[in-house]
Amino acid sequence: MQPDEQLFDLPAVPEGSLYVSVAVPAAVPGLFTYSVPKDSNIAPGCRVLVSFNGRVCIGVCVRVMDERPDDGFEGAILPVKEQLDDKPVMNDDVISLCLFMAGYYHGCEGEIFETALPVALRSGEPVRKKAEP
């Protein structure tokens, strides 16, 4: 195998895409960058399906960016497979608390965000509205 030969045939990020930082439920510290279409209505706190380490998992969008982050990662950025929520399931206060906990307790962001979600939302179920009394 030649050193410059690609091991994976990954699609290029379409021009004008948005980038999202996603907390992935894995014992790996940090947030991971994915791309979404520019016309997406994604917001921090929405759940997304993403590919991570050879599996598909449910992550939480933490940040939406117009440009690729300059974090030193030169590899390909994968697209979000599916946006599960039209509206955020976590508000900004919960997102800030999860990020604070990850830093203060030296935890992995994805595991902390996963723990903050109700069990039904962790498994991908849609958000149910409360019944009116």
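Leu18, Val20 and Val22 point one way from strand S1, while Tyr19, Ser21 and Ala23 point the other way, and all of them are buried. That fits the usual picture, since side chains in a regular strand alternate between the two faces of the sheet. What is less of a given is that both sets are covered here: in this predicted model, six of the six residues of S1 (residues 18-23) are buried, so the strand is largely enclosed by the rest of the structure.

S1 has a pairing partner in S2, and another in S4. With S2, S1 pairs in the antiparallel sense over five bridges. Leucine 18 has valine 36 as its bridge partner in S2, and tyrosine 19 has serine 35 there. With S4, the pairing is again antiparallel and again runs over five bridges; on that side, tyrosine 19 stands opposite methionine 65. Tyrosine 19 therefore has a place in both pairings, with serine 35 in S2 and methionine 65 in S4, and its side chain is among the buried ones. S2 is mostly covered as well, with four of its five residues buried.

Zooming out, the protein chain has three helices and five strands. From the N terminus on, the order is β-β-β-β-β-α-α-α. Buried residues make up 33% of the 133 residues in the chain. As for the contacts with a separation of 6 or more, 64% of them are between residues 24 or more positions apart.

Next comes the empty space. Rolling a probe the size of a water molecule over the atoms shows where such space is left. The largest pocket has a volume of about 590 Å³. Its lining is made up of 20 residues, and Thr33, Tyr34, Phe73, Ala76 and Leu78 are the ones that lie nearest its centre. Strands S2 (32-36), S3 (47-52) and S4 (55-65) are the elements that give two or more residues to this lining. S2 gives the most, with three residues. So S2 turns up twice in this account, as a pairing partner of S1 and as a contributor to the pocket lining. By residue type, the lining of the largest pocket divides into twelve nonpolar, six polar and two charged residues.

The aromatic rings give another local picture. The count comes to three aromatic pairs. One of them is formed by phenylalanine 100 and tyrosine 104, and this pair is stacked, at 5.4 Å centre to centre and with 20° between the planes. Both residues lie in helix H1 (residues 92-104), four residues apart, or about one turn of the helix. Phenylalanine 100 is partly exposed, with a relative accessible area of 48%, whereas tyrosine 104 is exposed at 55%. The ring of tyrosine 104 also pairs with that of tyrosine 105: their centres are 4.9 Å apart and their planes at 85°, so this pair is edge-to-face. Tyrosine 105 is exposed, just as tyrosine 104 is. Taken together, Phe100, Tyr104 and Tyr105 form one aromatic cluster. Tyrosine 104 is thus a member of the stacked pair with phenylalanine 100 and of the edge-to-face pair with tyrosine 105.

Methods:
Residues are numbered from 1 along each chain as its sequence is written. This is a predicted model: local features need pLDDT of at least 70, side-chain atom pairs count only at pLDDT 80 or more; totals for chains, interfaces and linings use all residues. Side-chain values use heavy atoms; hydrogens and water are left out. On a 1 Å grid over the protein atoms alone, a cavity is a set of points where a 1.4 Å probe fits but cannot get out, and a pocket is an open set with protein on both sides within 12 Å along at least five of seven lines; lining residues have an atom within 4 Å of a point. Grid points are joined across faces, edges and corners, and a volume is the space filled by probe spheres set on the points. Ala, Val, Leu, Ile, Met, Phe, Trp, Tyr, Cys and Pro count as nonpolar, Asp, Glu, Lys and Arg as charged, and the others, Gly among them, as polar. Buried means under 20% relative accessible area, exposed over 50%, partly exposed in between (1.4 Å probe, protein chains only). Two strands pair if DSSP finds at least two bridges between them. Rings of Phe, Tyr and Trp (its six-membered ring) pair if their centres lie within 6.5 Å; planes under 30 degrees apart count as stacked, over 60 as edge-to-face and the rest as tilted. Contact means heavy atoms within 4.5 Å.
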